Amino acid sequence: MYAYRIQSVTTLAALSDLFSGDLQTEERWLLLGVEWHSREPRLRVGKASLAQSQLVTADVVPNVARASARVCCGWYDVSKPDLHVTCDAWRPARTGQCEQCARREGFRSVHLATELSKDISHHVQRYLSQPHLLYIATFPGGTTKVGTVAAERVPARLDEQGPVAAAYVAEASDGFVVRRAEAELASALSLPKVVRTARKIAGLRESVKPNASRKILAELLDNSAALLQRTVEAAGAVHINPPRPWSVPASTAAAFDETPVQLATGQFSGRVAGLAGSLVISRPVAGKPARCIDVGALRGRPLLDRPEEVDVRQTLF
Ligand SMILES: [Zn+2]
């Protein structure tokens, strides 16, 4: 019955309509995450009675039952693009992923891997054996990082991180070469390989114009071109000159138009103005500051059809 009904649902608002009436007493939908497909943000939702999860358009702010324990959000089989696998037991998982699903996904061992080993699962080995790219990305507020992406995940990997500006600076034959180049470049340019969500939110709270952040990246690429080339070539990668720019998706540009934002407190309804990675920006009342909600932090909890009554002093973060 559910499988039939869900086929016509394409937005989160439409999904919420299903919560009314008799279905409210039925099994609830769970928020499993934010993904970017064809340059558009989508929310992944699922429920235990369905073998497959679903993607819906993030048209309204997702609200979840925050008091509920988090369950496992499943895993991605990276041997096939965009294949999400639901948890076989929907186990409780404080981090959003149970041990079994983390093991099946097999990505924990990859972050430290610089060469093939038997510890890396076959589907991850296949993923790593394809061409990769090295990029530099600048986020709101000016924080800049280096990162890597498999060629088949361009541009989704950067879309899901929400930078203001980014450029691909090197190509590598596989995931191991690109990781060596990433480590060398991070050291040579004193750049981090990770920008925490809290730092991204802090950037959105500042009145920094996107142009200022774009200028930071452009100057870094100009000033470091020779060092960048030496570093990536010494690691066995091919320098991309001039750097190949990543373009900001429309939804993310709309999110940046709403800055500066305030952190959302309590829970509230509103239409989505835009997303920067997994950060939803909403302006429920004209003339009031826009709000920022980290949807990634809400993963693994049941979706609500309307905001939950909570203490307004309680922060979402
Ligand atoms: Zn699991």
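**Exercise 1. The surroundings of strand β9**

Task: Determine how many of the 8 residues of strand β9 (residues 165-172) are buried, and state what follows for the strand.

Solution. In this predicted model, 6 of the 8 residues of strand β9 are buried. The strand is therefore largely enclosed by the rest of the structure. The next step is to identify the strands that pair with β9. Strand β7 (residues 132-138) pairs with β9 in the antiparallel sense, over 7 bridges. Within this pairing, Ala172 of β9 stands opposite His132. Strand β10 (residues 238-246) also pairs with β9 in the antiparallel sense, over 5 bridges. Here Ala167 stands opposite Pro245 of β10.

**Exercise 2. The sheet that contains β9**

Task: Give the order of the 4 strands in the open sheet with antiparallel pairing, and explain which strands stand at its edges.

Solution. A general point comes first: the strands of a sheet pair through backbone hydrogen bonds, in either the parallel or the antiparallel sense. In this sheet the order is β8-β7-β9-β10, and the pairing is antiparallel. Strands β8 (144-150) and β10 each have a single partner strand, so they stand at the edges and one side of each is left without a neighbour in the sheet. On average, neighbouring strands of this sheet are turned by 25° against each other, direction ignored.

The pairing of β8 can then be described. Strands β7 and β8 pair in the antiparallel sense over 7 bridges. One of the bridge partners is Gly147 in β8, which is matched with Tyr135. Helix α9 (residues 225-234) packs on the sheet and touches β7, β9 and β10. The direction of α9 makes about 120° with that of β10.

**Exercise 3. A sheet with mixed pairing**

Task: Describe the open sheet of 4 strands with mixed pairing, and state which helices pack on it.

Solution. The order of the strands is β11-β14-β13-β12. Strands β11 (261-263) and β12 (272-276) stand at the edges; each has a single partner strand, so one side of each lacks a neighbour in the sheet. Neighbouring strands are turned by 35° against each other on average, direction ignored. As an example of pairing, β11 and strand β14 (residues 290-294) pair in the parallel sense over 3 bridges. The bridge partner of Val261 is Ala290 in β14.

Two helices are now placed on the sheet. Helix α7 (residues 197-205) touches β11, β12, β13 (279-282) and β14, and its direction makes about 175° with that of β14. Helix α10 (residues 250-257) touches β12 and β13, and its direction makes about 105° with that of β12.

**Exercise 4. The packing of helices α6 and α9**

Task: From the angle between helix α6 (residues 175-189) and α9, decide whether the two helices are roughly parallel or roughly antiparallel.

Solution. The helices pack at an angle of about 150°, with their axes 8 Å apart. Angles over 145 degrees count as roughly antiparallel. Helices α6 and α9 are therefore roughly antiparallel to each other. The crossing in which α6 passes α9 is right-handed. On the side of α6, the contact is made by Ala181, Glu184, Leu185 and Ala188. On the side of α9, it is made by Leu227, Leu228, Thr231, Val232 and Ala234. Sorted by class, the contact of α6 with α9 has 7 nonpolar, 1 polar and 1 charged residues.

**Exercise 5. Two partly exposed residues**

Task: Locate Gly270 and Phe176, and explain why each counts as partly exposed.

Solution. Gly270 is placed in the loop between β11 and β12. A residue is buried if 20 or more other C-beta atoms lie within 10 Å of its own, and exposed if 12 or fewer do. Gly270 has 18 other C-beta atoms within 10 Å, so it is partly exposed. Leaving aside its neighbours within four places in sequence, Gly270 is in contact with Val60, Val61, Ser282 and Pro284. Gly270 and Asp59 are 211 residues apart in sequence, yet 8.8 Å apart in space, C-alpha to C-alpha.

Phe176 lies in helix α6. Because Phe176 has 18 C-beta neighbours inside 10 Å, it too counts as partly exposed. Phe176 and His132 are 44 residues apart in sequence and 8.9 Å apart in space, C-alpha to C-alpha.

Methods. Residues numbered from 1 in each chain as written. Predicted model: local features only at pLDDT ≥ 70, side-chain atom pairs only at ≥ 80, totals over all residues. Pairing = 2+ DSSP bridges. Axes fitted to C-alpha atoms, helices over the stretch in contact; angles between N-to-C directions. Contact = placed C-beta atoms within 7 Å. Parallel < 35°, antiparallel > 145°, perpendicular 65-115°, else oblique. Left-handed = near helix turned anticlockwise from the far one by under 90°. Nonpolar A, V, L, I, M, F, W, Y, C, P; charged D, E, K, R; others polar.
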